[in-house]
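Here is a friendly walk through one protein chain, loop by loop and strand by strand. Keep the viewer open as you read.

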Amino acid sequence: MQQNLEFLKDVGLFSSFPDKAMKLLAFLAERTHLVTGDVLFEEGDDHGQAYLVLSGQLSLSKQKNGEKVIIQHYTKGDFLGSFSLLGAMPALFTLQASTETTVLTINRQQFSKILEQFPETTKLSLKALLNELNQWERKNIYEAGACCLSRTGATVL
């Protein structure tokens, strides 16, 4: 549990949580060991979990014209799936272990327990998620050309 706590303190979503909430989260989080090829979720799944990569590598992919296209790789310290902790979100991609990998898994039910027992964490979570969305949008708007933005659109935050 102590190791889980240390790992979770570095995750932006949880970094401002009170100590008692963090300890409960560390207790509820589960380590999952994956072998190469294990699938955490597929396109369309409502996996309801977030993952902190402790070791190894995960690949995010999408089917395009019947072929698997790798979109991105995730390694130690990467945290994925934070928005799925709040409610149903069908996956737009497939997430799979590309090497032996260990992740710390938090599911929606566990996260809901934290929000119920520590009501102040709801506001803290929303603030952190909005910050994450804003950072993502800034990065992608900066990198995207006008042609891409006109096809994909942008939110107005």
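Let us begin in a loop: Asn-65 is found between strand S4 and strand S5 (67–74). This is a predicted model, and in it Asn-65 has a positive phi of about 55° although it is not a glycine. For background, most residues other than glycine have a negative phi. Is Asn-65 buried or exposed? With a relative accessible area of 76%, Asn-65 is exposed, the cut-off for that word being over 50%.

**The chain as a whole**

Stepping back, the chain has 5 helices and 8 strands. Their order along the sequence is α-α-β-β-β-β-β-β-β-β-α-α-α. Of the 157 residues in the chain, 35% are buried. Among contacts between residues at least 6 apart in sequence, 72% join residues at least 24 apart.

**The helices H1 and H2**

Two packed helices are described by the angle between their axes and the distance between the axes. For helix H1 (residues 2–9) and H2, the angle is about 115° and the axes are 8 Å apart. Their crossing is right-handed. On the H1 side the contact is made by Asn-4, Leu-5, Leu-8 and Lys-9, and on the H2 side by Met-22, Lys-23, Leu-25 and Ala-26. Sorted by type, the residues of this contact comprise 5 nonpolar, 1 polar and 2 charged.

Which residues of H2 are buried? They are Ala-21, Met-22, Leu-25, Ala-26 and Leu-28. Viewed down the axis of H2, these buried residues fall within an arc of 165°, so they line one face of the helix. The face of H2 turned away from that buried side carries the exposed residues Asp-19, Lys-20 and Phe-27. As a reminder, an α-helix has 3.6 residues a turn, so residues three or four places apart point the same way.

**From H2 into strand S1**

Ala-29 lies in the loop between helix H2 (19–28) and strand S1 (30–34). Its relative accessible area is 8%, and burial means under 20%, so Ala-29 is buried. What does Ala-29 touch, not counting residues up to four places away in sequence? The answer is Asn-4, Leu-8, Leu-104, Thr-105 and Ile-106. Asn-4 and Leu-8 are also part of the H1 contact with H2, while Leu-104, Thr-105 and Ile-106 belong to strand S8. Ala-29 and Asn-4 are 25 residues apart in sequence, and their C-alpha atoms are 7.4 Å apart in space.

**Strand S8 and its partners**

Strand S8 (residues 101–107) has 7 of its 7 residues buried, so it is largely enclosed by the rest of the structure. In a regular strand the side chains alternate between the two faces of the sheet. Here Thr-101, Val-103, Thr-105 and Asn-107 point one way from S8, Thr-102, Leu-104 and Ile-106 point the other way, and all are buried.

S8 pairs with S1 and with strand S3 (residues 49–55), and S7 pairs with S2 and with strand S4 (residues 58–64). The table gathers these pairings, each with one residue pair.

| Strands | Sense | Bridges | Residues opposite each other |
|---|---|---|---|
| S1 and S8 | antiparallel | 5 bridges | Glu-30 and Thr-105 |
| S3 and S8 | antiparallel | 6 bridges | Gln-49 and Asn-107 |
| S2 and S7 | antiparallel | 2 bridges | Phe-41 and Leu-95 |
| S4 and S7 | antiparallel | 4 bridges | Leu-58 and Ala-97 |

Thr-105 thus appears twice in this account: as the bridge partner of Glu-30 and as a residue touched by Ala-29.

**Strand S7 and the loop with His-47**

In strand S7 (residues 94–97), Thr-94 and Gln-96 point one way, Leu-95 and Ala-97 point the other way, and all are buried. Leu-95 is the residue that Phe-41 stands opposite, and Phe-41 leads us on to a histidine, since it is one of the residues that His-47 touches. His-47 lies in the loop between strand S2 (39–41) and S3. Is His-47 buried or exposed? At 18% relative accessibility, His-47 counts as buried. Not counting residues up to four places away in sequence, His-47 touches Phe-41, Ser-84 and Ala-91.

Notes: Residues numbered from 1 in each chain as written. Predicted model: local features only at pLDDT ≥ 70, side-chain atom pairs only at ≥ 80, totals over all residues. Heavy atoms only, no water. Buried < 20%, exposed > 50% of the residue type's maximum accessible area, 1.4 Å probe, protein only. Contact = heavy atoms within 4.5 Å. Axes fitted to C-alpha atoms, helices over the stretch in contact; angles between N-to-C directions. Left-handed = near helix turned anticlockwise from the far one by under 90°. Nonpolar A, V, L, I, M, F, W, Y, C, P; charged D, E, K, R; others polar. Pairing = 2+ DSSP bridges. Arc of directions from axis to C-beta.
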